[in-house]
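Student: Please take one part of this model and examine it closely, beginning with a loop and its surroundings and then turning to the aromatic side chains. I would like each term to be given with its cut-offs.

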Amino acid sequence: MEKELEIEGPPPVPKWKKIVKTSFLISTWICLGLTLEITGPTLKDLMLKTDGSYEDVSRAISGRSVGFFIGAAIGGVLVDAFHPYCNLMIAVCLDGIAIVTTIAPYMTSVNVVWALFVLAGTFEGIINISGQKLILDMWLDKASSPMHALHLGFGIGSFIVPELANPFLAVPAPTLSTSGANATSNATQSYSSSMTSTASTMEPPSTTIEYEKGSRIEWVYLIVSIITVSLSVVFYFYQYNSLKSKTKSSNDSDIKEKSSKIKEDQKESGFFVNKFKSFVKIADPGSCIGGRRVYGIVIFMFLFLFFFTVVGGERIYGKFVRTYAIDELKFDGDEATLLNTAFWISFSFGRFSGFVTARWISIRVLMIIEACGCLVTAAILNIFAYDSHTLFWVFSMPMGFFIAPLFPTGIAWGDFHVEMTGMAITFCLLGGALGGVSYMWIIGYLYENYGYRTFLYLTGGFGACITLFAFILLFVGCGQGNRFKNNVEDSEVEVAN
């Protein structure tokens with residue numbers, strides 16, 4: 001045990017270096033927001049490009065969550081097996097997302113778009129695990145605030161991208177039967193009704209529509225791709241420096257001797273057998289919580305369900321807030337884009353508030369406040385804002401505010417109680433990926449076949465479920481205190497003995 005500590009224990013990292021690297025990781029999440037949330041404001045344009053319905057495009061976008069599932073599964077193994085190469089993983093995956101994002105708007109097949117989003121989601125999953133593991137390793141017991149700051153980046157990218165996209169979106173031409181301020185609204189209504197079933201309450205329009213400005217979303221997809229590729233260079237540099245410093249340290253003769261002894265031990269006991277045992281140990285829930293396997297299974301089961309609900313709710317509201325505003329409440333295109341931007345600004349404020357409050361408020365209390373906030377806001381939206389232009393605008397803001405910090409709060413809550421290894425983070429992200437797929441498929445089917453208000457109904461269901469799982473985790477967590485304090489107490493007992 002002492003040998004491992006002498007060889008693998010990294011030297012203390014200066015605080016300013018931690019802050020700088022955390023800033024670049026936050027920038028990575030900004031790029032994820034730009035490249036992955038661009039599908040929200042461009043959803044109607046993707047329908048035009050692919051000649052698909054809401055259900056078709058929703059399923060295509062859900063490919064991101066399928067890929068996220070794959071990326072999370074791969075990423076956990078990669079991070080635990082090749083932990084020193086986390087920077088390289090991030091750099092390569094940023095380049096991969098940029099390539100996929102550049103290609104996507106040129107595709108006319110929904111199936112091809114789905115496949116591209118699967119690739120993008122795979123890269124996102126690997127980045128998520130690599131980046132969060134770097135944060136947890138750098139900041140240890142002080143990781144809660146940096147974790148919220150990391151995910152704040154996603155909100156920043158998400159509220160920037162609607163404004164970047166707006167100049168490139170298709171604009172319907174005013175119809176001859178309308179005039180003045182109602183022209184754009186009726187044109188949008190005509191387009192939406194032609195793409196939906198008779199379950200809609202709108203008047204039957206003509207099946208064709210003309211546009212005074214065609215879709216040019218290829219340009220905005222290219223812009224965010226260039227930004228993403230530029231950032232990847234930083235992480236190639238970090239990886240180069242990391243390998244360079246390791247090369248220098250390997251010249252130490254003592255380390256060489258110790259590493260050779262370890263290699264000899266591995267040969268004697270069987271290298272592949274040890275690797276298999278190591279994998280089993282990593283995958284064992286009890287390994288994250290001092291051997292308490294049953295307790296570990298319970299915690300990770302409910303964390304899985306928590307992230308399933310969090311990511312699903314975030315996906316449907318972020319993707320459909322603009323579309324619902326146009327279809328049901330007759331917003332014009334610019335106003336709906338402004339609402340979408342305002343939602344993501346509120347989302348960013350929510351994550352920033354988590355960054356600040358996590359320093360002063362217990363992570364257990366924060367989880368309950370955020371979940372109850374989602375439930376109350378969803379109830380108000382369903383009761384009062386379903387047909388009100390103003391109230392829908394007003395209460396979309398607290399919805400974004402309370403949804404935003406739930407994801408980083410879940411990771412921080414987990415790390416508060418158990419050791420969040422690469423496999424532990426993977427398990428949580430798998431829940432989120434499955435939730436993203438499920439919620440997007442459900443909203444696409446309901447929105448297309450049972451009317452626009454199903455968007456708010458599903459939002460209400462999300463609020464109820466997330467509150468339920470938050471309280472369950474609160475009670476489950478009562479059996480386990482702060483793992484960092486517990487570790488210190490255990491070590492003190494060992495020293496005393």
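Tutor: Helices (H or I, at least four residues) and strands (E, at least two) are DSSP runs, numbered from the N terminus. The model is predicted, so local features need pLDDT of at least 70 and side-chain atom pairs count only at pLDDT 80 or more, while totals for chains, interfaces and linings use all residues. Residues are numbered from 1 along each chain as its sequence is written, and side-chain values use heavy atoms, leaving out hydrogens and water.

Tyrosine 85 belongs to the loop between H5 and H6. With a relative accessible area of 35%, tyrosine 85 is partly exposed; buried means under 20%, exposed over 50%, and partly exposed in between (1.4 Å probe, protein chains only).

Tyr85 joins Phe82, Leu88, Val92, Tyr236 and Leu243 in a nonpolar patch on the surface, whose accessible area together is about 490 Å². Such a patch takes residues with over 30% relative accessible area and no salt bridge, joining nonpolar side chains (Val, Leu, Ile, Met, Phe, Trp, Tyr) within 5 Å and like charges within 9 Å. A salt bridge is a side-chain nitrogen of Lys or Arg within 4 Å of a carboxyl oxygen of Asp or Glu. The areas are from the Shrake-Rupley method with a 1.4 Å probe; for residues, only the protein chains shown count as cover. Helix H6 (86–103) and helix H10 (217–249) each contribute at least two residues to the patch.

On the other side of the loop, helix H5 (residues 63–81) has 19 residues and should span 27 Å at 1.5 Å a residue, which agrees with the 27 Å between its end C-alpha atoms. The expected span is 1.5 Å times one less than the number of residues. Buried residues of H5 include Gly67, Phe68, Gly71 and Gly75.

Turning to the aromatic rings, Phe, Tyr and Trp (its six-membered ring) pair if their centres lie within 6.5 Å, with planes under 30 degrees apart counted as stacked, over 60 as edge-to-face and the rest as tilted. The rule gives 20 aromatic pairs. One of them is edge-to-face, between phenylalanine 300 and phenylalanine 427, at 6.2 Å centre to centre and 90° between the planes. Because phenylalanine 300 lies in helix H13 (residues 293–327) and phenylalanine 427 in helix H18 (residues 422–449), the pair ties together parts 127 residues apart in sequence. Phenylalanine 300 is buried, at 7% relative accessible area, whereas phenylalanine 427 is partly exposed, at 34%.
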